[in-house]
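Please work through the following questions and answers with the sequence and the 3D structure at hand. Each answer sets out its reasoning before it arrives at the name or value asked for.

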Amino acid sequence: MSAQSLQSFQEQVSDLLLRHRSLLDVLSKLGQTNASVVRSVTKSVTECGCIELHATKQQFEPGMDLQDAKETIRKHVHGELCENCRDAVTNELGRNLFYMSALCNLLEIDMDEVVRRESQKCSTLGLFNLS
């Protein structure tokens, strides 16, 4: 998302959020929508079956260079989301983003700043960012 679209989305959420303006309400809705994202992906596996998981231990050999490691690592997902599941996951991610934006608004945090800082951290730390 561009900075302008993040900013305009954050303003739009501020204008639309009426019912859950308390910090506790927003925190609970953020948790609820996060669980809904997880549930919609889970249903893609367990009910629809459009994607399958084949999870095994990731094997890293001593002395393996970065390119070999990238080629060796598997994402464990086989198949692609069908149109219905993609729509469901996308909708749940959107609701989650809405409440994340609402939380930022309540705490007077600019989402663009959040993205900028995280991007800067990723650039600085590189592969060590999520270790």
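Q: Is E47 buried or exposed, and what is its relative accessible area?
A: In this predicted model, the side chain of E47 meets that of R39 in a salt bridge, at 3.5 Å from N to O. R39 is partly exposed, with a relative accessible area of 44%. Exposed residues are those over 50%, and E47 is therefore counted as exposed, its relative accessible area being 55%.

Q: How many salt bridges does the structure hold?
A: Side chains of opposite charge can pair when their charged atoms come close. The pair of E47 and R39 is one such salt bridge, and another joins E92 to R95, with the closest N and O atoms 3.4 Å apart. For the structure, the number of salt bridges is 5.

Q: By about how much of the helix are E92 and R95 separated?
A: E92 and R95 form a salt bridge, in which R95 is partly exposed at 37% relative accessibility, whereas E92 is listed among the buried residues of α4. An α-helix has 3.6 residues a turn, so residues three or four places apart point the same way. Because E92 and R95 are 3 residues apart in helix α4, their separation is about one helical turn.

Q: Which residues are joined into one network by salt bridges that share partners?
A: R117 and E113 form a salt bridge whose closest N and O atoms are 2.9 Å apart, and because these two residues lie 4 residues apart in helix α5 (residues 111-125), about one helical turn separates them. R117 is exposed, with a relative accessible area of 56%, while E113 counts as partly exposed at 28% relative accessibility. Salt bridges with shared partners make a single network out of E113, R116 and R117.

Q: What length does helix α4 reach from its first C-alpha to its last?
A: Helix α4 covers residues 83-106 and has 24 residues. At 1.5 Å a residue, a span of 34 Å is expected, and the span in the model is close to that value. From first C-alpha to last, helix α4 reaches 35 Å.

Q: Which residues does S40 touch, leaving aside those up to four places away in sequence?
A: S40 has its place in helix α2 (residues 23-48), where S40 is buried, with a relative accessible area of 11%. Among the buried residues of α4 are V89 and E92. Both of these are contacts of S40, and the full list of residues it touches is A88, V89 and E92.

Q: Which helix gives the most to the largest nonpolar core?
A: In soluble globular proteins, nonpolar side chains tend to be buried together. The largest nonpolar core here has 9 residues, namely F9, V13, L17, V26, L30, F98, Y99, A102 and L103. At least two residues of this core come from each of α1 (3-16), α2 and α4, and the helix that gives the most, with 4 residues, is α4.

Q: Which helix gives the most to the nonpolar patch?
A: On the surface, L23, L24, L27, L106, L107, I109 and V114 form a nonpolar patch with about 580 Å² of accessible area together. One of these residues, L27, lies in helix α2 and is partly exposed, with a relative accessible area of 40%. With 3 residues, the helix that gives the most to the patch is α2.

Definitions and conventions:
Residues numbered from 1 in each chain as written. Predicted model: local features only at pLDDT ≥ 70, side-chain atom pairs only at ≥ 80, totals over all residues. Heavy atoms only, no water. Expected span 1.5 Å × (residues − 1). Buried < 20%, exposed > 50% of the residue type's maximum accessible area, 1.4 Å probe, protein only. Contact = heavy atoms within 4.5 Å. Patch = residues over 30% accessible without salt bridge, like charges linked within 9 Å, V, L, I, M, F, W, Y side chains within 5 Å. Areas by Shrake-Rupley, 256 points an atom, 1.4 Å probe, with all protein chains shown as cover. Salt bridge = Lys/Arg side-chain N within 4 Å of Asp/Glu carboxyl O. Core = buried A, V, L, I, M, F, W, Y, C linked by side-chain atoms within 4.5 Å.
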